[in-house]
Amino acid sequence: MAPQDYNREVPGLEYFTPQHMTSPGTIASVEASKLSPTLFTPLKIRGTILRNRILVAPMCQYSTASHGPATGALTDYHIATLGHYALKGAGLVFVEASGVQANGRISPNCPGVWSDAQIPALRRISDFIKSQGALSGIQLAHAGRKASTCAPWIAGAQKTQGGKRKVSVRAHKDVGGWPSNVVGPMGGEEWTWDGSKLSDENGGYWAPRALSEQDIAELVQDWAKAAERSVKAGVDVIEIHGAHGYLIHQFLSPLTNKRTDEYGGSFENRTRLLIDIIQAIRKVIPETVPLYLRISSTEWMEDTEEGKQHGSWDVESSVRLAKRLPGLGVDLLDVSSGGNLNRQRLNPFDAKDYQTRIASRIRRELKKDGLSMFIGAVGLITEAEQARDIVEEGGAVTARSADVEIENEAQAAVGMTDAKNGNEPMADVVLVARQFMREPEWVLRVAWQLGVDVAWPNQFLRVRFPKL
């Protein structure tokens, strides 16, 4: 047996892990690639190449230490979860929202990148993800007025005075919280996310203090420093979290930003913080590193009296912002929605294809103006044909469910598939979250349902699905 035929290892690691014969989730042969949907074709973005168009979206896990020297550092839990998604073929795996400042975490048990001490643990996760052929990414975030809350299962185990399950519980100092250092564009009890006063035991959020202009300047630099640390840790892709009612989104919306300085008022002022952050990050990361941005394309307040009177962040605002991004060095816009106000008119967990339709519209508007930026569609994408139709030009849908459970999931999600706009794809990549938690092998199942012959991990070849 020739030396090259032995079990080869991935180089550069402190431990042995086998080098896959073919990267999992990629087309297994040249012949198969000719018939494969766009979903399973590689995509080059700056210095990176996605092995397929299926990305693992950032998912909060509330599983890091809340105190001590390991505060905010990723753990072996993250290798077990994120590493498994990479092993099973995802093109890119994101580390969840990570605080650029200690007070920017959603909960005391959320990760962060505000200290050099957090680099080694992040590198360990990134190295393993990449050893399985995926790209590693991190979402840099600041929760703003939604910070210092407890993990959702803590809230779910408690009830309000009215007998309902709590949505959120405030994290006090005794559990690692920071009640006096929750921040936002505005300050005071009237600006709590749920509108509850601190005396209200049913309230789940702290009252923020308003950031000063000096605070904002420091925040921008801390975002850039977090990006630098991420690159030092070997992360391939940086994403800025500007969605779901966290700090950047709070600044973007005229409903949560009533400032009278250069960071409030006009569209230009309300987007200033985000643009400052983008520019600061782009200056310090290599030209080869892609920069993604997640936004809430609408906060679903357009049809409320409040929104009609004061305006809101809506799809038109997102289109306007999107047209500025390519010139600033943003490579991909990750299109989500909602989360900024508890008074929003649409519950995203009950909706179906609204986000993919908005993503498609932004993509069309950019192309109309001759602008180039990749678009990601995020949402509950659980059915193989649907994921394919989002990114492929044309093609008929066929149902080839692996079992009844998969078929039921497909039917539940089929409403998210929008009609084709000529031959234009709705998005360039799909970002999948909860379905990966249910099925880490989702990429391999999707390929099997579509009749696409993709590579499996070496260690799983004997249990791969039979060819259809």
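What follows walks through the barrel, the helix packing and the salt bridges of this predicted model.

The obvious place to start is the sheet. Eight strands close up into a barrel, in the order β3-β4-β5-β8-β9-β10-β11-β12, and the pairing is parallel. Going from one strand to the next, the twist averages 25°. One pairing in the barrel can be picked out as an example: β4 (residues 92–99) runs parallel to β5 (residues 135–141), and six bridges join the two. Within this pair, Phe94 sits opposite Gly137 of β5. Helix α3, spanning residues 119–131, packs on the sheet here and touches both β4 and β5, with its direction at about 145° to that of β5.

Turning to helix-on-helix packing, α5 (residues 213–232) and α8 (residues 272–284) make a pair whose axes come within 8 Å and cross at roughly 35°. The crossing of α5 past α8 is right-handed. On the α5 side, the contact draws on Ile216, Leu219, Val220, Trp223, Ala224, Ala227 and Glu228, while α8 brings in Leu273, Asp276, Ile277, Ala280, Ile281 and Val284. Sorted by class, that comes to 11 nonpolar residues and two charged ones, with no polar residues at all. The spacing of such contact residues has a simple background: an α-helix has 3.6 residues a turn, so residues three or four places apart point the same way.

Helix α16 (residues 442–450) is a mostly covered element, with nine of its nine residues buried. The buried set takes in Trp442, Val443, Leu444, Arg445, Val446, Ala447, Trp448, Gln449 and Leu450. Right after the helix comes Gly451, which has a positive phi near 70°.

Arg445 of α16 also leads into the salt bridges. Its side chain meets that of Glu439 in one of them, at 2.9 Å from N to O. What makes this pair worth a second look is that both partners are covered. Glu439 has a relative accessible area of 7%, so it counts as buried, and Arg445 is buried too, at 16%; the cut-off for buried is under 20%.

Over the whole structure, the search turns up 21 salt bridges. Another of them joins the side chains of Glu268 and Arg320, with an N to O distance of 2.9 Å. Because Glu268 belongs to helix α7 (residues 267–270) and Arg320 to helix α10 (residues 315–322), this bridge ties together parts that lie 52 residues apart in sequence. Here the ends are partly exposed: Glu268 has 40% relative accessibility, and Arg320 has 44%.

A salt bridge at 2.9 Å, N to O, is also found between the side chains of Arg343 and Glu306. This pair links distant parts of the chain as well, 37 residues apart, with Arg343 in the loop between β10 (332–336) and α12 (354–368) and Glu306 in helix α9 (residues 305–310). Arg343 is partly exposed at 40% relative accessibility, and Glu306 falls in the partly exposed class at 26%.

Salt bridges also join up into a network, whose members are Arg46, Arg282, Glu287 and Asp331. As general background, side chains of opposite charge can pair when their charged atoms come close.

How values were computed
Residues numbered from 1 in each chain as written. Predicted model: local features only at pLDDT ≥ 70, side-chain atom pairs only at ≥ 80, totals over all residues. Heavy atoms only, no water. Salt bridge = Lys/Arg side-chain N within 4 Å of Asp/Glu carboxyl O. Helix = DSSP H or I, 4+ residues; strand = E, 2+ residues; numbered from the N terminus. Buried < 20%, exposed > 50% of the residue type's maximum accessible area, 1.4 Å probe, protein only. Pairing = 2+ DSSP bridges. Axes fitted to C-alpha atoms, helices over the stretch in contact; angles between N-to-C directions. Contact = heavy atoms within 4.5 Å. Left-handed = near helix turned anticlockwise from the far one by under 90°. Nonpolar A, V, L, I, M, F, W, Y, C, P; charged D, E, K, R; others polar.
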